[in-house]
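I have a new chain open on my screen and a blank notebook page. Time to look things up one by one and jot down what turns up.

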Amino acid sequence: MRAAAQMRMIGSDYDPRGLAFRKRLREFKTKYVSLWHAPGSNEPEIDERFEPAAQRENEKETDRLIRHVEDRL
């Protein structure tokens, strides 16, 4: 099979890995959408405050983490 044809099959209905991934993705989506819409009083309490310098440092660290994850993907 030519490489281009093989690449088209990956993730298609003929690829068991693609089918399994899409099934897990649907389950994940269903679970977290239902949690998002569920009524409840489990909302987080946000009472921690940060000084502006600490906030800037936290934002820098978050940006570094996001870049690291993007690089790994």
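Below are my entries, from the overall layout down to single side chains.

**Entry 1: what am I looking at?**
First note to self: this is a predicted model. I looked up the confidence before anything else. The mean pLDDT of the chain is 80, and 74% of the residues reach 70 or more. Which element has the lowest mean pLDDT? I found that helix H1, residues 3-9, sits at the bottom with 53, while H3 has the highest mean, 93. Where pLDDT is low, the predicted coordinates should not be read in detail. I'm keeping that in mind for H1, given its mean of 53.

**Entry 2: the layout**
How many helices and strands are there? I get 3 helices and 0 strands. Reading from the N terminus, the order is α-α-α. Helix H2 covers residues 16-37, and helix H3 covers residues 52-72.

**Entry 3: inside or outside?**
I checked how much of the chain is buried. Of its 73 residues, 4% count as buried. The chain exposes about 7,600 Å², and carbon and sulfur atoms supply 57% of that area.

**Entry 4: rings in H2**
I searched the whole structure for aromatic pairs and got 1. The partners are Phe 28 and Tyr 32, in a tilted arrangement. Their ring centres are 4.7 Å apart, with 45° between the planes. Why "tilted"? Stacked needs planes under 30 degrees apart and edge-to-face needs over 60, so anything else goes down as tilted. Both residues lie in helix H2, 4 residues apart, which is about one turn of the helix.

Then I looked up the surface around them. Phe 21, Leu 25, Phe 28, Tyr 32 and Leu 35 make a nonpolar surface patch of about 540 Å². So the two ring partners turn up again here, as members of that patch. Why can Tyr 32 be in a patch at all? A patch residue needs over 30% relative accessible area, and Tyr 32 is partly exposed at 41%, so it clears that bar.

**Entry 5: a charged pair in H2**
On to salt bridges: I count 3 in the structure. Side chains of opposite charge can pair when their charged atoms come close. In H2, Lys 23 and Glu 27 meet in one of these, 2.8 Å from N to O. How far apart are Lys 23 and Glu 27 in helix H2? They are 4 residues apart, so about one helical turn separates them. Are these side chains buried or exposed? Neither quite: Lys 23 is partly exposed at 45% relative accessibility, and Glu 27 is partly exposed at 43%.

**Entry 6: a little network**
Next I followed Arg 64. Its side chain meets Glu 61 in a salt bridge of 2.6 Å, N to O. Arg 64 and Glu 61 are 3 residues apart in helix H3, again about one helical turn. Because the salt bridges share partners, Glu 57, Glu 61 and Arg 64 are joined into one network. The other link is between Glu 57 and Arg 64, at 3.3 Å from N to O.

I also looked up how covered the members are. Glu 57 comes out at 40% relative accessibility, Glu 61 at 44% and Arg 64 at 36%. Glu 57 counts as partly exposed, and so do Glu 61 and Arg 64.

How values were computed:
Residues numbered from 1 in each chain as written. Heavy atoms only, no water. Helix = DSSP H or I, 4+ residues; strand = E, 2+ residues; numbered from the N terminus. Buried < 20%, exposed > 50% of the residue type's maximum accessible area, 1.4 Å probe, protein only. Areas by Shrake-Rupley, 256 points an atom, 1.4 Å probe, with all protein chains shown as cover. Phe/Tyr/Trp six-rings, centres within 6.5 Å; stacked < 30°, edge-to-face > 60°. Salt bridge = Lys/Arg side-chain N within 4 Å of Asp/Glu carboxyl O. Patch = residues over 30% accessible without salt bridge, like charges linked within 9 Å, V, L, I, M, F, W, Y side chains within 5 Å. pLDDT = per-residue confidence, 0-100.
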